[in-house]
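User: Hi! I am new to reading protein models and would like to learn how to go from a picture to its features. Could you take me through this one step by step?

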Amino acid sequence: MREPSKHLSWKELECNNGVAYPHRFIYDGRVFELAQVFEDIRHLCGDKPITVISAYRTPEWNKRVGGARLSQHVQGRALDLKPPKGFTVLEFFRLIKANYKDFGIHGIGLYPTFVHIDIRPTNNLAAWSSKMAKESKL
């Protein structure tokens with residue numbers, strides 16, 4: 001099977017415990033929508049490589065890492081992204097947030113070392129900053 005997009009691999013989308021991205025989320029197309037958002041963000045950053053810290057999570061893994069009960073990661077709709085070289089986390093967050101409508105992003109979160117993005121099924125934007133990000137004055 002071909003990769004989800006030019007710069008996003010199946011390996012990057014699997015759970016950090018090694019469980020593959022679910023076939024049901026491939027067949028319903030959400031993986032390709034998420035991959036397109038990744039490509040759009042990468043292009044916005046000058047086509048610099050972006051590291052995926054977390055993508056799909058099994059419910060067990062999500063609980064283990066303290067993820068939200070209704071996490072978009074469990075639904076295969078979320079990515080936690082480390083900013084590309086030359087960008088601070090805050091700059092990366094602000095750049096994505098300024099363009100979220102164009103990309104179909106409906107969730108964005110700022111954390112001390114990464115930015116969460118997701119394509120949850122809503123027309124509204126959910127935006128947040130972690131307590132740790134606020135405390136570190138990001």
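Analyst: Gladly! Let's begin with a definition: helices (H or I, at least four residues) and strands (E, at least two) are DSSP runs, numbered from the N terminus. In this case, Ser 54 is found in strand E1. Please keep in mind that this is a predicted model, where local features need pLDDT of at least 70 and side-chain atom pairs count only at pLDDT 80 or more, while totals for chains, interfaces and linings use all residues. Residues are numbered from 1 along each chain as its sequence is written, and side-chain values use heavy atoms, with hydrogens and water left out.

User: Is Ser 54 buried or exposed?

Analyst: The idea is to look at relative accessible area: buried means under 20%, exposed over 50%, and partly exposed in between (1.4 Å probe, protein chains only). Ser 54 has a relative accessible area of 6%, so it counts as buried.

User: What is Ser 54 in contact with, leaving aside its neighbours within four places in sequence?

Analyst: Contact means heavy atoms within 4.5 Å. With those neighbours left aside, Ser 54 touches Asn 16, His 73, Ala 78, Leu 79 and Asp 80. There is also a polar contact, which is a pair of N or O atoms within 3.5 Å; within protein, one must be able to donate a hydrogen and the other to accept it, and residues adjacent in sequence count only if both atoms are side-chain atoms. Here the side chains of Ser 54 and Arg 57 are joined by a polar contact of 3.1 Å.

User: How do I read the strands as a sheet?

Analyst: In general, strands of a sheet pair through backbone hydrogen bonds, either parallel or antiparallel. Two strands pair if DSSP finds at least two bridges between them. In this model, five strands form an open sheet in the order E1-E2-E4-E3-E5, with mixed pairing. Strands E1 and E5 (126–129) are the edges, each pairing on one side only. Neighbouring strands of the sheet are turned by 25° against each other on average, direction ignored. For such angles, axes are lines fitted to C-alpha atoms, for helices over the stretch in contact, and angles run from 0 to 180 degrees between N-to-C directions.

User: Which strands does E2 pair with?

Analyst: E1 (residues 51–54) and E2 run antiparallel, joined by three bridges. Ser 54 stands opposite Asp 80 in E2. E2 and E4 (residues 115–118) also run antiparallel, joined by four bridges. Asp 80 faces His 116 in E4, and Ala 78 has Asp 118 as its bridge partner there.

User: How covered is E2?

Analyst: Strand E2 (residues 78–82) is mostly covered, with four of its five residues buried. One residue to look at in E2 is Leu 79, which is buried with a relative accessible area of 0%. Beyond its neighbours within four places in sequence, Leu 79 is in contact with residues including Leu 34, Phe 38, Val 52 and Ile 117. Leu 79 and Ala 55 are 24 residues apart in sequence, yet 4.6 Å apart in space, C-alpha to C-alpha.

User: Where do the side chains of E3 point?

Analyst: In a regular strand the side chains alternate between the two faces of the sheet. In E3, Gly 107 and Gly 109 point one way and Ile 108 and Leu 110 the other way, and all are buried. E3 is joined to E4 by a hairpin through four residues, and these two strands run antiparallel over four bridges. With E5, E3 pairs in the parallel sense over four bridges, where Gly 109 stands opposite Trp 128.

User: What about the helices?

Analyst: The expected span of a helix is 1.5 Å times one less than its number of residues. Helix H3 (residues 30–44) has 15 residues, so it should span 21 Å, and its end C-alpha atoms are indeed 21 Å apart. H3 has buried residues, among them Leu 34, Phe 38 and Ile 41.

User: What comes just after H3?

Analyst: Gly 46 takes a positive phi of about 80° just after H3. Asp 47 lies in the loop between H3 and E1, and it has a positive phi of about 60° although it is not a glycine. At 39% relative accessibility, Asp 47 is partly exposed.
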